[in-house]
Amino acid sequence: MKTVSSLLDDHWHERYRRISKLNIRSSIYDVTNRCNLRCKGCFFFSSDEHKAAPEEMDIKKWEAFVEKEKARGVNLAILIGGEPTLCFDRVEAFYERLSTFCATNGLIKVPRDRFPDMMIGISLWGDEADEQVLRGKDTFSISSKNYYGDPYTYYLYTITPKQIGKTGRVIRKIRDAGLKVHMQLLSNDEAVDGFSWRPHELSAIRAEMDAMLDAYPDTVISSKYYHEIITTGKMLDRPFGWMACPSVTITMDHRDPQPKRLTNFIRWASDLKTMHRCCTSETRDCATCKDGAAHMSWVMVNKRAHMRSTKDLQNWIEIYEMFAKLYQFIPW
Ligand code: SF4
Ligand code: SF4
């Protein structure tokens, strides 16, 4: 039987040991139903998740809720929305109790005296032209000033088909702002013309993402195996989709057979009672889903399947390390 020890040399075994201790248990929280932007293709608004439940306004209820989540075993709170920075008191309810990651469009600066080491992921949807089309604003010019050189911040760069051949310039701008970047692909939930992926574009962007990782290893937080998985939608020849997805809310997961999944994962709406189906759009067709976190979690929960060869297990380790870096369970 193949074992971790028989597949890995000392170097890789040490890397494996470092991540195997982590035991990450995440859930996702809509902090608010409001946003100071309205991006075309935003999964939250396009699926009407902002109408799913009214926001809980009592901060004491947020604090009690986070305590209950902690008791449920959650050790990583991923805050999304809407725009979490519109409600710093709710963000603080999490930050004071749990490892917290805050997704933001970066237009409002998170005060570092109040949240000194909170991980921040700034959404970026391409270069200035793409951002104008999809978000009505060049957000980078504002967010890069707000977060210049911040050691706990990275850009979550959502790449669109129009970005092919242009990612280098965006990544250099991020490097020059003293920040890191992680890449994912647009799912185009609102079918904006020209922004849906075609097979040859997926091949091209895979090669380009690989080249970016080689060229800017200190800026890009990624792995080539991750690029393969999100562009092909396949892992070890298995297809991604509803029957494979690890990021389904536990109380709504009645799949049979049950796939490997995130332990006790729930995506909560901002009334703190309602739950959404999964980590992303309630209405998205899973066959078109390019969600980066769902794909990387898919790999992470399938360690055993990657124990068929040394290379497969090394690929698994690299994706786990990437995830752990993005949420600062290990340093960059
Ligand atoms: S900034 Fe984020 S939450 Fe707000 S509309 Fe854009 S994608 Fe949606
Ligand atoms: S839309 Fe994506 S994340 Fe949601 S259940 Fe389907 S595959 Fe999973």
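Ala, Val, Leu, Ile, Met, Phe, Trp, Tyr, Cys and Pro are counted here as nonpolar, Asp, Glu, Lys and Arg as charged, and the rest, Gly among them, as polar. With that in hand, the shell around ligand 2 in this predicted model sorts into eight nonpolar, three polar and two charged residues. The shell holds 13 residues, and the closest are Cys-245, Cys-278, Cys-286, Cys-289 and Ala-294.

Ligand 1 has its own set of neighbours. Cys-35, Leu-37, Arg-38, Cys-39, Cys-42, Phe-44 and Phe-45 are among them, and so are Gly-81, Gly-82, Glu-83, Asn-105 and Ser-123. Sorted by the same scheme, this shell comes out as six nonpolar, four polar and two charged residues.

Turning to the helices, α9 spans residues 199-215 and α10 spans residues 224-232. Their axes run 9 Å apart, and the two pack at an angle of about 165°. Angles over 145 degrees count as roughly antiparallel, and α9 and α10 are therefore roughly antiparallel to each other. Their crossing is right-handed. On the α9 side, the contact is made by Leu-202, Ile-205, Arg-206, Met-209, Asp-210 and Leu-213; α10 brings in Lys-224, His-227, Glu-228 and Thr-231. This contact is a mix of four nonpolar, two polar and four charged residues.

Finally, there is Pro-151, which sits in the loop between α7 (140-146) and β5 (153-159). Pro-151 counts as exposed because 12 other C-beta atoms lie within 10 Å, and the cut-off for exposed is 12 or fewer. Met-119 is 32 residues away from Pro-151 in sequence, yet the C-alpha atoms of the two are 8.9 Å apart in space.

Technical notes: Residues numbered from 1 in each chain as written. Chains lettered and ligands numbered in written order. Predicted model: local features only at pLDDT ≥ 70, side-chain atom pairs only at ≥ 80, totals over all residues. Near = placed C-beta within 6 Å. Axes fitted to C-alpha atoms, helices over the stretch in contact; angles between N-to-C directions. Helix = DSSP H or I, 4+ residues; strand = E, 2+ residues; numbered from the N terminus. Parallel < 35°, antiparallel > 145°, perpendicular 65-115°, else oblique. Left-handed = near helix turned anticlockwise from the far one by under 90°. Contact = placed C-beta atoms within 7 Å. Buried ≥ 20, exposed ≤ 12 C-beta atoms within 10 Å, placed from the backbone.
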